[in-house]
Amino acid sequence: MPGDPFLLGDDVVLCTVSEDDLSFMNRNINNPAVRRPLTSTIPRTMAETRQYFEDHISKEDDSFHLLICTPDGTRRSA
């Protein structure tokens with residue numbers, strides 16, 4: 001389940017990223033439709049996705065990370 005809604009729209013809701021989103025993120029980062037535009041050339045393990053979450057997403061700094069969701073809270077993938 002995505003985190004709290006950050007921005008609400010008619011067709012899209014931007015939600016904060018929670019630890020519960022890691023499996024979804026890992027599946028998508030390994031999806032060629034997502035991976036290629038990001039220029040990622042190697043598969044990512046779940047441990048690497050978790051490490052990225054801990055090092056970047058959950059870190060308290062000036063950056064922010066959001067998931068694109070439908071109004072009912074379903075995560076959107078490629």
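In this talk I will go through the overall build of the chain, its two salt bridges, its first helix and two individual residues.

Please keep in mind throughout that what we are looking at is a predicted model.

Let me start with the overall build. The protein chain contains 3 helices and 3 strands, and, read from the N terminus, these elements follow one another as β-β-α-α-α-β. As for the dimensions, the radius of gyration is 13 Å, which agrees with the value near 12 Å that would go with a compact globule of 78 residues, and the C-alpha atoms fill a box of roughly 35 × 30 × 20 Å along the principal axes. Of the 78 residues, 27% are buried, and, if we take the contacts with a separation of 6 or more, 53% of them are between residues 24 or more positions apart. The accessible surface comes to about 5,600 Å², and carbon and sulfur atoms account for 53% of that.

Now to the charges. There are 8 positive and 13 negative side chains in the protein chain, with the centres of the two sets lying 12 Å apart. Side chains of opposite charge can pair when their charged atoms come close, and a search of the whole structure finds 2 salt bridges.

One of them is formed by the side chains of Arg50 and Glu19, with 2.6 Å from N to O. This pair links distant parts of the chain, since Arg50 sits in helix H3, residues 46-57, while Glu19 sits in the loop between strand E2 and helix H1, 31 residues apart. Arg50 counts as partly exposed because its relative accessibility is 32%, and Glu19, at 45%, is partly exposed as well.

Another salt bridge joins Asp21 to Arg75, where the closest N and O atoms are 2.6 Å apart. Here too the pair links distant parts of the chain, with Asp21 in the loop between E2 and H1 and Arg75 in the segment after strand E3, 54 residues apart. Is Asp21 buried or exposed? At 0% relative accessibility, Asp21 counts as buried, whereas Arg75, with a relative accessible area of 23%, is partly exposed.

Let me move on to helix H1. Its buried residues are Leu22, Phe24, Met25, Asn26 and Asn28, and what they pack against is helix H2, helix H3 and strand E3.

That brings me to strand E3, where Leu67 has its place. Leu67 has a relative accessible area of 8%, and is therefore buried, the cut-off being under 20%. Which residues does Leu67 contact, leaving aside its neighbours within four places in sequence? They are Pro2, Val13, Leu14, Cys15, Val17, Asp21, Phe24 and Arg75, so that both members of the salt bridge between Asp21 and Arg75 appear among the contacts of Leu67. The C-alpha atoms of Leu67 and Asp21 are separated by 8.9 Å, although the two residues are 46 residues apart along the chain.

Finally, I would like to set Pro43 beside Leu67. Pro43 lies in the loop between H2 and H3, and, with a relative accessible area of 64%, Pro43 is exposed. Leaving out residues up to four places away in sequence, Pro43 touches Asn30 and Glu48, and its C-alpha atom is 9.2 Å from that of Asn31, which is 12 residues away in sequence.

Definitions and conventions
Residues are numbered from 1 along each chain as its sequence is written. This is a predicted model: local features need pLDDT of at least 70, side-chain atom pairs count only at pLDDT 80 or more; totals for chains, interfaces and linings use all residues. Side-chain values use heavy atoms; hydrogens and water are left out. Helices (H or I, at least four residues) and strands (E, at least two) are DSSP runs, numbered from the N terminus. The radius of gyration is taken over C-alpha atoms; the globule rule is 2.2 Å times the number of residues to the power 0.38. Buried means under 20% relative accessible area, exposed over 50%, partly exposed in between (1.4 Å probe, protein chains only). Contact means heavy atoms within 4.5 Å. Accessible areas come from the Shrake-Rupley method with a 1.4 Å probe; for residues, only the protein chains shown count as cover. Lys and Arg count as positive and Asp and Glu as negative; His and the chain ends are not counted. The place of a charge is taken as NZ of Lys, CZ of Arg, CG of Asp or CD of Glu. A salt bridge is a side-chain nitrogen of Lys or Arg within 4 Å of a carboxyl oxygen of Asp or Glu.
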